[in-house]
Amino acid sequence: MTQLEEARKGIITEEMKFIAEREGIDAEKLRRNVAKGYTVIFRNVRHDWVKPVAVGAGVRVKVNANIGTSRDIVDVKAEIEKAKVAVKYGADTIMDLSTGGDLDEIRKTIMHAVDVPVGTVPIYQAAEEMLAKGKAIIEMSEEDMWRAVEKHFKDGVDYTTIHVGVTKEVVEKMKRTKRAVGMVSRGGTFLAAWILHWGEENPFYKDYDYLLELAREYDVVLSLGDGLRPGGLPDAGDELQIAELYTLGKLVRRAREAGVQTMVEGPGHVPIDQIAAQVKLAKVATDNAPFYVLGPIVTDIFPGYDHITAAIGGAIAALNGADFLCYVTPAEHLGLPDVEHVRQGVIASKIAAHAVNLTRFEADFRKDYLMALARGKLNWARQFELSMDKERFIEIRKDRPTKTEACSMCGDLCAIKLINDMLAGERD
């Protein structure tokens with residue numbers, strides 16, 4: 001049985017117990033949210049070394065980090081280092097988006113390098129295998145696509161992005177809809193081009209019941225991909241995005257009926273004043289399915305700083321109900337991220353997630369409370385101890401005292417220490 005099916009039977013699974021203890025929440029409340037489909041648990045039945053993670057209602061906002069090779073750069077060691085750095089700095093999950101090299105071996109290597117859940121996009125592998133044969137991506141057969149999906153499920157991936165909402169009907173709408181940027185989803189583009197070439201329906205949509213059978217067998221969380229997400233602010237909230245969203249809502253309900261866990265992916269590039277409305281619309285359209293957002297990126301004119309533009313959008317999205325933030329690195333729109341880009345991307349998204357989590361969980365707020373006390377006392381050692389990124393703390397404070405006595409460095413600091421001590425009643 002899947003986590004969803006067991007939850008409906010009133011069973012609190014070992015995974016639920018582990019997550020409840022880790023999150024500091026009631027296991028029965030978690031079970032009820034899983035039973036409703038409001039929360040999903042990442043743990044493929046074959047991924048027995050993973051530490052399960054929950055995303056959705058009643059748990060903390062989570063952060064995902066994308067890594068992966070490209071056809072131009074196949075450096076598996078570098079991707080493993082990125083995965084480990086991402087986890088070190090707070091990523092709750094990793095997505096392997098590799099498109100170059102031995103994809104099967106790369107995926108398995110990444111999964112064994114970390115103990116967090118791993119997600120993938122199987123259509124990438126189906127497409128790359130066509131290119132390796134000297135064929136065009138649109139020459140993929142339905143069997144090629146299904147073979148990639150089943151391979152990923154059997155290998156133990158915990159969640160997969162499947163662009164089920166890129167239907168023949170939506171592709172027809174694309175012909176009549178003007179977009180500033182067009183279609184930016186790689187997987188969605190592959191399927192749209194395939195539909196246009198063959199004149200056939202998206203195999204994942206046409207045979208959705210078969211997809212549900214496979215997902216149920218391995219208890220893989222289906223991440224219903226936003227193939228028509230806006231790739232620029234002018235396209236946010238257009239007909240294509242909303243049409244796909246309502247299709248995904250129907251598919252969520254079908255998945256729940258089949259006992260399959262699902263979440264829904266969201267935009268994309270969204271003006272800051274539209275984020276709250278878009279998140280709430282997605283929640284209504286999908287009956288409160290966990291919502292997984294890329295950013296959202298709130299401005300298009302700061303390449304090199306998109307980890308910041310995305311963190312701003314991510315905080316607002318999470319505050320309004322988004323459950324899962326996909327990090328964005330400074331290299332977004334510019335190139336393949338390096339290890340430092342990954343670190344910066346994770347930390348930026350982690351800040352966004354924590355800013356919301358501390359409003360929901362007393363334990364999270366307490367960390368900030370203790371930091372505030374340490375700052376009030378100018379206790380540098382304690383501030384270092386509480387800091388989430390100690391390496392950065394040291395980098396900035398290098399060659400400076402780290403003890404409370406640092407207040408003697410200048411008159412301003414001394415005055416601050418004097419006043420704060422008086423307010424705290426610590427002076428005669």
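In which helix do glutamate 28 and arginine 31 both lie, and how many residues apart are they? Both lie in helix 3 (residues 27-36), three residues apart, which is about one turn of the helix. The legends below describe close-up views of a predicted model.

**View 1. A salt bridge within helix 3 joins glutamate 28 and arginine 31.** The side chains of glutamate 28 and arginine 31 meet with an N to O distance of 2.7 Å, and the two residues are about one turn of the helix apart. In an α-helix there are 3.6 residues a turn, so residues three or four places apart point the same way. Glutamate 28 is partly exposed, with a relative accessible area of 26%, whereas arginine 31 counts as buried at 12% relative accessibility.

**View 2. Glutamate 5 of helix 1 forms a salt bridge with arginine 216 of helix 11.** In this pair, one of the 30 salt bridges that the structure holds, the closest N and O atoms of arginine 216 and glutamate 5 are 2.7 Å apart. Because arginine 216 lies in helix 11 (residues 208-218) and glutamate 5 in helix 1, the pair ties together parts that are 211 residues apart in sequence. Arginine 216 is partly exposed, with a relative accessible area of 40%, while glutamate 5, at 15% relative accessibility, counts as buried.

**View 3. The surroundings of glutamate 5 in helix 1 (residues 3-8).** The side chain of glutamate 5 reaches the backbone nitrogen of threonine 2 at a distance of 2.9 Å. When residues up to four places away in sequence are not counted, glutamate 5 touches Arg216, Ala258 and Gly259. With a relative accessibility of 15%, glutamate 5 falls under the 20% limit and therefore counts as buried.

**View 4. A salt bridge within helix 8 joins glutamate 172 and lysine 175.** The closest N and O atoms of glutamate 172 and lysine 175 lie 3.1 Å apart. Because they are three residues apart in helix 8 (residues 168-176), the two partners are separated by about one helical turn. Glutamate 172 counts as partly exposed at 34% relative accessibility, and lysine 175, at 56%, counts as exposed. Elsewhere, salt bridges that share partners join Asp104, Arg107, Glu129, Lys151 and Asp155 into one network.

**View 5. Helix 6 (residues 122-132) is largely enclosed by the rest of the structure.** Eight of the eleven residues of helix 6 are buried, which is why the helix is described as largely enclosed. The buried residues are Pro122, Ile123, Tyr124, Gln125, Ala126, Ala127, Glu128 and Met130. What covers these buried residues includes helix 5 (103-113), strand 5 (118-120) and helix 7 (142-155), together with strand 6 (159-162), helix 9 (186-198) and helix 10 (203-206). Helix 6 is followed by glycine 134, whose phi is positive, near 80°.

**View 6. Phenylalanine 42 of strand 1 (residues 39-42) is buried.** The relative accessible area of phenylalanine 42 is 0%. Leaving aside neighbours within four places in sequence, phenylalanine 42 is in contact with Pro52, Val53, Val55, Thr93 and Pro117, as well as with Asp158, Tyr159, Val221, Met263 and Phe324. For orientation, the C-alpha atoms of phenylalanine 42 and histidine 152 are separated by 14 Å, although the two residues are 110 residues apart along the chain.

How values were computed
Residues are numbered from 1 along each chain as its sequence is written. This is a predicted model: local features need pLDDT of at least 70, side-chain atom pairs count only at pLDDT 80 or more; totals for chains, interfaces and linings use all residues. Side-chain values use heavy atoms; hydrogens and water are left out. Buried means under 20% relative accessible area, exposed over 50%, partly exposed in between (1.4 Å probe, protein chains only). Helices (H or I, at least four residues) and strands (E, at least two) are DSSP runs, numbered from the N terminus. Contact means heavy atoms within 4.5 Å. A polar contact is a pair of N or O atoms within 3.5 Å; within protein, one must be able to donate a hydrogen and the other to accept it, and residues adjacent in sequence count only if both atoms are side-chain atoms. A salt bridge is a side-chain nitrogen of Lys or Arg within 4 Å of a carboxyl oxygen of Asp or Glu.
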